[in-house]
Amino acid sequence: MSSTSIHPTDPIASTLATDETTTYDCLTFVKGLPGDLIVHDTDWGIGNINKESEHVLVNLGGYDCHFESFRRGDPTGKVMVFISRVETQTRDQAIDISLERLDSLLDCYSLITEAPPKISELILVREGNQENVQVLHVKREGFARLNSKEAKQDQWHARNRTLLNELLQYLDMVSTDSAGDTELTKDLFYALRMYRQGSASQSHNLEFLAKFSALECLVCGSQRINRGDLLQQRLFQLLESEGFYDKKISQKLYDLRCVGSHQARTSRHTSDDPQMPAGVAVIHLERIFSCVLFFFLENLRASSNSDEMWSKAGLFSLPEIIVKHVPEGISQMAITRLTIDPKKEVTKIGSWFDAYFTLIRRTNKGSKV
């Protein structure tokens, strides 16, 4: 069984939740933190695992290969716990709040650690004062492609083959042809490299910024003055006749790029946030990028510079297989958080949670090191 997160301020959540609240303790595992600098507050904190409790890690690894890989893999060092107590209406809300606390804490630790800390996908959730705790898997910041029975997979393969065939000329140019030294070929090199790095980032926000940078590189080249206007103008010239293209969405993507790159602000997916969620923005952006890339490749050898290339955009006809991007019967979804419940429990460790909160509540209120 799986569920996606519903933000507490979402109007959908208000129809599902009641006024009754429950105490949830959420515990997850972290590697790569300095063991001598442990931060905690009244209702959350980082903790070490003593020798008496190490059997819990061994048992978890025994029936969960992903957790065992986390425990034994990089970064090296001991596994620590992050525990959070939340009084809220649903388990999903408790997980959201706990992970947000952990993210804020890791933002601070990132300034003093040599490598980024790693978080396990496995999370233990205790409801109320129960002795048994639920074992859940939480996957964050990803994408899903849903295929219906009518999905036309052959169209998807044909689209990929068409695009890859166009890219073969680029490989020929950079490996054997002096044209690989042109400004346009260099733009293509940097755009493709940045696009790939965005896909590998495992963060919607970073992926969006990297892929938008790649798009700007192909559309605007080295132009520095009125870059935003030039981007929108050239995209409109190329995509005006395509049914999927919307100038308002294109402007929203550019606005998100500006606040992301200049102010480090990213969407929190709340109902009062006017920005488009970064994961949704990536899906829109990828379709536009595919069309721009195809146009760029088709005109690469016959153009000496960006201005000359884009003067041809208004008369260029994109093939339907590229414009459609994702064939009929296949839909894409940006996942903020996916909780998978395998219906497993760890028995008789509720006292483990209580002992930790008893310890940290002996200190004064407020974050402590």
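# A guided tour, starting at His137

Select His137 to begin: once its neighbours within four places in sequence are set aside, His137 is in contact with Asp64, Glu121, Leu122, Leu338, Thr339, Ile340 and Pro342. The model on screen is a predicted one, and every value in this tour is computed from it. His137 has its place in strand β6, and with a relative accessibility of 13% it counts as buried, because buried means under 20% relative accessible area.

**The whole chain**

Before going further, colour the chain by secondary structure, which comes to 13 helices and seven strands. The chain has 369 residues, and buried residues make up 44% of them. If you consider the contacts in the chain with a separation of 6 or more, residues 24 or more positions apart account for 77% of them.

**Along β6 to Glu141, then to His325**

Stay in strand β6 and select Glu141, which is also found there. Although Glu141 is not a glycine, its phi is positive, at about 55°. Is Glu141 buried or partly exposed? Its relative accessibility is 28%, so Glu141 counts as partly exposed.

Next select His325, another residue that has a positive phi without being a glycine, in this case of about 65°. His325 sits in the loop between α12 (320-324) and β7 (330-346), and at 6% relative accessibility it counts as buried.

**The second largest pocket**

Now display the surface and look for the second largest pocket, which holds about 400 Å³ of space. Which residues lie nearest its centre? They are Arg159, Leu163, Tyr195, Glu286 and Phe289, which belong to a lining of 20 residues. To see where the lining comes from, select β6 (133-147), α5 (153-176), α6 (183-199) and α10 (278-298), each of which supplies at least two residues of it. Coloured by class, the lining of this pocket shows 12 nonpolar, three polar and five charged residues.

**Two stops on helix α5**

Keep helix α5 selected and pick out Ala158, which is found in this helix. Ala158 has a relative accessible area of 29% and is therefore partly exposed. Draw a distance from its C-alpha atom to that of Ile321: the two residues are 163 residues apart along the chain, yet these atoms are separated by 7.7 Å.

Leu164 is also placed in helix α5. Is Leu164 buried or exposed? At 52% relative accessibility Leu164 counts as exposed, because the threshold for that class is over 50%. A second distance can be drawn here, from Leu164 to Phe294, which are 130 residues apart in sequence and 9.8 Å apart in space, C-alpha to C-alpha.

**The crossing of α7 and α9**

Hide the rest and show helix α7 (residues 204-220) together with helix α9 (residues 247-263), whose axes come within 10 Å and cross at roughly 115°. The crossing in which α7 passes α9 is left-handed. To display the contact itself, select Phe208, Leu209, Phe212 and Glu216 on the α7 side, and Leu253, Tyr254, Leu256, Arg257, Gly260 and Ser261 on the α9 side. By class, the residues of this contact divide into six nonpolar, two polar and two charged.

With helix α9 still in view, move to Ser250, which lies in that helix. Ser250 counts as buried, because its relative accessibility is 3%. Which residues is Ser250 in contact with, leaving aside its neighbours within four places in sequence? The contacts of Ser250 are with Gln232, Leu235 and Tyr245. Ala281 is 31 residues from Ser250 in sequence, and the C-alpha atoms of the two are 9.6 Å apart in space.

**Last stop: Asp354**

Finish in helix α13 (residues 350-360), where Asp354 is found. At 33% relative accessibility Asp354 counts as partly exposed. Show its side chain together with those of Arg85 and Arg126, because the contacts of Asp354 beyond four places in sequence are with these two residues, contact here meaning heavy atoms within 4.5 Å. To close, draw the C-alpha to C-alpha distance from Asp354 to Asn129, which spans 8.6 Å in space between residues 225 apart in sequence.

Note on methods
Residues numbered from 1 in each chain as written. Predicted model: local features only at pLDDT ≥ 70, side-chain atom pairs only at ≥ 80, totals over all residues. Heavy atoms only, no water. 1 Å grid on protein atoms, 1.4 Å probe; cavity = no way out; pocket = protein on both sides within 12 Å on 5 of 7 lines; lining within 4 Å. Points joined across faces, edges and corners; volume = space filled by probe spheres on them. Helix = DSSP H or I, 4+ residues; strand = E, 2+ residues; numbered from the N terminus. Nonpolar A, V, L, I, M, F, W, Y, C, P; charged D, E, K, R; others polar. Axes fitted to C-alpha atoms, helices over the stretch in contact; angles between N-to-C directions. Left-handed = near helix turned anticlockwise from the far one by under 90°. Buried < 20%, exposed > 50% of the residue type's maximum accessible area, 1.4 Å probe, protein only.
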